Amino acid sequence: MARGTLRPPAPGTASTGAHVDADLRPWSRAALQQLSDNALLAKVRTLPRDDELRAAACEILVDRYGKLVRSCVRQYRGSPEPTEDLMQVGYVGLLKAINNYDPEVGDSLSAYAQPCVSGEIKRHFRDKRWQIHVRRSAQELLLELRKANEELVFSTYSLDAPLSDREDPALLSDVLGDDDPAVAHTIDMEAVNTHWEELPEREQRILVMRFYGNLTQTEIGDHLGISQMHVSRLLARALAHLRSKLLESAEVTEPAASR
């Protein structure tokens with residue numbers, strides 16, 4: 001925003017403009033600085049848009065609330081957009097808030113301006129940063145995700161923190177994931193599958209009936225037409241073969257992982 005220059009009228013000449021504050025002419029920035037936000041906002045609302053006194057009042061309000069703009073921009077530090085560009089966008093939102101705020105309706109310019117500034121920045125990302133058409137809901141979800149990620153980096157929560165205000169609520173520790181034994185089982189089965197085809201078909205059938213069908217060695221023998229002792233020998237041989245192969249794989253993997 002271009003900064004206006006306050007110039008007093010030439011001596012002996014009449015002041016122009018629809019609204020003239022006799023106590024502030026000749027204009028003095030120091031005098032304006034002493035006014036409250038509401039007093040400055042009243043001038044913004046009543047003076048013409050091309051009035052230098054109005055421009056000066058806007059400039060002072062922008063200076064006072066620059067910290068609010070920086071606070072709104074800070075949550076987008078991880079974005080590819082330059083911070084200086086986002087600051088300029090934020091100031092546009094702040095100026096809109098200053099121009100539209102009515103001191104008679106609210107008593108806090110800060111509370112009114114914050115969503116205006118944030119909204120202007122979000123519109124900037126939504127309208128100018130996307131190279132393809134993306135639904136508005138998805139764009140806003142991404143912005144919320146970035147904000148949540150920023151908050152999580154600087155926040156910690158107790159594992160004993162309740163998840164609701166109900167009586168006897170669940171705790172955060174109750175919903176956190178734990179080691180899943182099924183994952184280790186899946187890894188083991190994948191390792192066995194690697195050497196499965198090395199076994200004779202009959203030994204494969206015996207292993208399936210024993211460990212998936214939960215049949216006894218005698219029941220397996222009845223199915224295959226062989227004795228229980230024969231089943232025991234074939235089962236032991238198949239397991240010994242798989243065990244030796246898995247141990248060999250482990251010995252090869254461990255030295256590689258240690259390097």
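Trainee: When α4 passes α5, is the crossing left-handed or right-handed?
Mentor: Right-handed for α4 passing α5 (the near helix is turned clockwise from the far one by less than a right angle; anticlockwise would be left-handed). This is a predicted model, where local features need pLDDT of at least 70 and side-chain atom pairs count only at 80 or more, while totals for chains, interfaces and linings use all residues. Residues are numbered from 1 along each chain as its sequence is written, and side-chain values use heavy atoms, leaving out hydrogens and water.

Trainee: OK, and which residues of α4 and α5 make that contact?
Mentor: From α4 you get Gly66, Val69, Arg70 and Val73. On the α5 side, look for Thr83, Leu86, Met87, Gly90, Tyr91 and Leu94. Contact means heavy atoms within 4.5 Å.

Trainee: At what angle do the axes of α4 and α5 cross?
Mentor: Roughly 125°, and the axes come within 9 Å (lines fitted to C-alpha atoms over the stretch in contact, with angles from 0 to 180 degrees between N-to-C directions). That makes α4 oblique to α5 (not under 35, over 145 or 65 to 115 degrees). To find them, α4 is residues 66-74 and α5 is residues 83-100.

Trainee: Switching helices, how do α3 and α5 cross, left-handed or right-handed?
Mentor: The crossing of α3 and α5 is right-handed. Helix α3 covers residues 52-64, and its axis comes within 10 Å of the α5 axis, crossing at roughly 125°. The two helices, α3 and α5, are therefore oblique to each other.

Trainee: What touches what between α3 and α5?
Mentor: Arg54, Cys58, Leu61 and Val62 do the job for α3. For α5, Tyr91, Leu94, Leu95, Ile98 and Asn99 make the contact.

Trainee: New topic: how far apart are the axes of α10 and α11?
Mentor: They're 10 Å apart, and α10 and α11 pack at an angle of about 135°. Helix α11 is residues 217-224, while α10 spans 201-211.

Trainee: So what do we call α10 and α11 relative to each other?
Mentor: Oblique: with that angle, α10 and α11 are therefore oblique to each other. And α10 passes α11 in a right-handed crossing.

Trainee: Which residues in α10 and α11 meet?
Mentor: In α10, click on Arg202, Arg205, Ile206, Met209 and Arg210. Their partners in α11 are Ile220, His223 and Leu224.

Trainee: Last one: what describes two packed helices in general?
Mentor: Two things: the angle between their axes and the distance between the axes.

How values were computed: Helix = DSSP H or I, 4+ residues; strand = E, 2+ residues; numbered from the N terminus.
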